Amino acid sequence: MATIQDIGLSAAINILGAVVFLLAFAFLRLQPINDRVYFPKWYLKGARESPSHGGTFVRKFVNLDMRSYLKFLSWMPAALKMPEDELISHAGLDSAVYLRIYLVGLKIFAPISVLAFIVLVPVNWTNDTLQLSKVEHSNVDKLSISNIPVGSKRFIAHLAMAYVFTFWTCYVLLHEYEIVAKMRLRFLSSEKRRPDQFTVLVRNIPPDPDESISELVEHFFLVDHPDHYLTHQVVYNANKLAKLVKEKAKMQNWLDYYQLKFERNASKRPTTKTGFLGCFGTKVDAIEYYTSEIERIENEEAEEREKIVKDPKSVVPAAFVSFRSRWGAAVCAQTQQTSNPTVWLTEWAPEPRDVYWDNLCIPFVSLTVRRLIVAVAFFFLNFFYVIPIAFVQSLANLEGIEKAAPFLKPLIEEPTIKSFIQGFLPGIALKIFLILLPSILMFMSKVEGLTSISSLERRSASKYYIFIFFNVFLASIIAGSALEQLKSYIHQSANEIPRTIGEAIPMKATFFITYTMVDGWAGVAGEILRLKPLVIFHLKNFFLVKTEKDREEAMDPGSIGFDSSEPQIQLYFLLGLVYAAVTPFLLPFVLIFFGFAYVVCRHQIINVYNPEYESAAAFWPSVHGRIITALIVSQLLLLGLLSTKGAGQSTPVLLVLPVVTFYFHKYCKNRYEPTFVKCPLQEAMKKDTLERAREPGFDLKGYLMNAYIHPLFKGDEDDEKFSIADEPETEQVLVATKRQSRRNTPVPSKYNGSESPSLPEIVNDQWL
């Protein structure tokens, strides 16, 4: 169990680590050779040039201006100077709203921390309950609710603070939800024209023996949306082609590397082996080998492209359908198209860069099975991850380590080593065990078949939060308290065990304090250093870069990584709200995290991160819902805790809080969430009217024609093969169709020039 000394050592280590990271960043970011690593966003915008172009040879690599080193913390005020409106214009609404998550944490926990230390800390500290009990404890635990005697009237203070904390949190959440909703509407109304504003993704198109997918889509929308349908783009299964392109790029990188190596030493031809990773197999000339491999792949690529063009089976039953107005697209995206709700399924199309093309070719009927398989796999992942979590908790239990390895007892008993193990090692071990988790969860989300990168990240974030809640939070509390209080459990009656657990759970705050310092202090400081992108950039720059374009491609600005970063932020909301009325000593550590992370993340968003997509803050309802979940969990935990402390009469009073919180969430969901999932027809019509008045002759069809062509086909000489050809505007007559039944088909199709029966003939025929 961590003591004040253990936490002090952990704080010293983490603060020292954070300072080292910040000093290293302050030095490295000033060097011209690293400019593209720490300011890639400005290079991508074309607003910055490499400082290594001029000056002496040394100045191209090292900054010799000593005065610049004196301002090593100047990046902090610079990160806070940019106004929010300018930040939205610079980085997008998603980035600006993501930063507001940190601000919400500051707004919630700053007043709560002050109140908790003024009211609850003295109430908890001025008791001697833990000293008289058999429970293992430290001085930190005397600040928790566990130090209050059973049945004490002092619990009234905790009840009152629980109400204050709940109402304050709900007030902040309501205020922020309203602000973000207004920001989203203002952003959408002021935003320039985008293809996704006019486009709908249609899936599960039913097969027809007489028409191709493209003909069927055109026919359907000319019939059912005759005044608004404009054009469409069918979806091709290009997954095999994408693998070939990726493999060719990999081979090209190796070829560039060996050619550059040969240029530096022309006396010796580079060689490689044809086996696994170039370590096994026959030794061959590297340049000739990779040149021949690239030629082979190019031939396969050409064959695959031709196959996609000619084979009807390469077209999947999905299409991007574009309309003449935002209003027409909104009506189609938000309504049911046929009496059969399982076909012609429509939803708003992601913006072109947000589309996850690999999943568009997945048959719609298999999605339910895929999601069931992923749900089962996710359950077992949660279940088996309890093992490493229990191992992490065992690191904080010195008796367990000494029993498993008796020869380490003399070393472990050293005060410094003991403080290191209890105060630092569990947090860093848990951090290591969670490194691979986001990649695993993202893979699971891709298997589910989601069609946009933003939805993949939101789904992965949901899984990650569930995992953190059960494995990091609950499992750490249960496993840790069981290991620490095992001796007490063995030597007492079964009736006393719940009370012992009630006393032990608040004392797990010491573990979460150490984890907060490792992940929220040193971890955030390590993020700004960008050590991995720095190393990769210089390796690419040395081995692969030949031209300025190659140097730009070597930059890796990265993105916020919503799927992993947002759930980690939510863990601190959970810890802060749960322990606010239980162990207030944890609150300052959480508060420091939100303040420091806000500054660092703002700097990265301004100078580094390049967003992959823009969802106009579509993730905010999920953020709000998870904070509400943390608030309800904190209320239920306090309710159960007080029941073990002889304050059962407080149960009716505390039961009011989760009920009120739940109905508050329902109110916010009904009031604000539609703004994030639907497009108001009034706003769409207003935007269409203004645009027609300002640009009456704009060629919308030409603008949308190739917007949703697969990226692999863009820029091809024959990319017209993958787009829908233009056709002259026609009057409202009947559509010709290849179907055997040719009824109800108003306007001619460009795919079939045959005449259709007139409308009176159809009407008369239907009444016969």
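The following questions and answers introduce the predicted model of this chain.

Q: How many helices and strands does the secondary structure of the chain come to?
A: The chain has 768 residues, of which 51% count as buried. Among its contacts between residues at least 6 apart in sequence, 79% join residues at least 24 apart. In this predicted model, the secondary structure comes to 34 helices and six strands.

Q: What is the order of the strands in the open sheet of four strands?
A: The pairing in this open sheet is antiparallel. Seven bridges connect β2 (residues 229-236) with β5, five connect β1 (residues 199-203) with β5, and four connect β1 with β6. The order is therefore β2-β5-β1-β6.

Q: Which strands stand at the edges of the sheet, each with a single partner strand?
A: The sheet is open, with four strands in the order β2-β5-β1-β6. A strand with a single partner has one side left without a neighbour in the sheet, so the strands at the edges are β2 and β6 (345-348).

Q: By what angle are neighbouring strands of the open four-stranded sheet turned against each other on average?
A: The sheet in question has antiparallel pairing and the order β2-β5-β1-β6. With direction ignored, the average turn between its neighbouring strands is 30°.

Q: Which residue in β5 is the bridge partner of V235?
A: Strands β2 and β5 pair in the antiparallel sense. Strand β2 covers residues 229-236, and β5 covers residues 315-323. Within β5, V235 has as its bridge partner V316.

Q: Which residue of β6 is the bridge partner of V202?
A: β1 and β6 run antiparallel and are joined by four bridges. On its other pairing, with β5, strand β1 has T199 opposite S322. In β6, the partner of V202 is T346.

Q: How many of the nine residues of strand β5 are buried?
A: Strand β5 is joined to β1 by five bridges and to β2 by seven. Helix α10 (residues 213-224) also lies across β1, β2 and β5. Strand β5 is mostly covered, and its buried residues number eight.

Q: Are helices α27 and α29 roughly parallel or roughly antiparallel to each other?
A: Helix α27 (residues 562-580) packs against helix α29 (residues 620-644), with axes 9 Å apart. The angle between the two is about 30°, and angles under 35 degrees count as roughly parallel. The two helices, α27 and α29, are therefore roughly parallel.

Q: How many nonpolar residues does the contact of α27 with α29 have?
A: From α27, the residues that meet α29 include F562, F573 and L577, and those of α29 include V623, I627 and L637. By class, the contact has two polar residues, two charged residues and, as nonpolar residues, 11.

Q: Is T516 buried or exposed?
A: T516 has its place in helix α24 (residues 509-529). Leaving aside neighbours within four places in sequence, T516 is in contact with W521, Y572, L575, F589 and V590. Because its relative accessibility is 0%, T516 counts as buried.

Q: How far apart in space are P32 and F61, C-alpha to C-alpha?
A: P32 lies in the loop between α1 (4-28) and α2 (35-38), and at 10% relative accessibility P32 counts as buried. In sequence, P32 and F61 are 29 residues apart. In space, the C-alpha to C-alpha distance between P32 and F61 is 5.4 Å.

Note on methods. Residues numbered from 1 in each chain as written. Predicted model: local features only at pLDDT ≥ 70, side-chain atom pairs only at ≥ 80, totals over all residues. Heavy atoms only, no water. Axes fitted to C-alpha atoms, helices over the stretch in contact; angles between N-to-C directions. Parallel < 35°, antiparallel > 145°, perpendicular 65-115°, else oblique. Contact = heavy atoms within 4.5 Å. Nonpolar A, V, L, I, M, F, W, Y, C, P; charged D, E, K, R; others polar. Buried < 20%, exposed > 50% of the residue type's maximum accessible area, 1.4 Å probe, protein only. Pairing = 2+ DSSP bridges.
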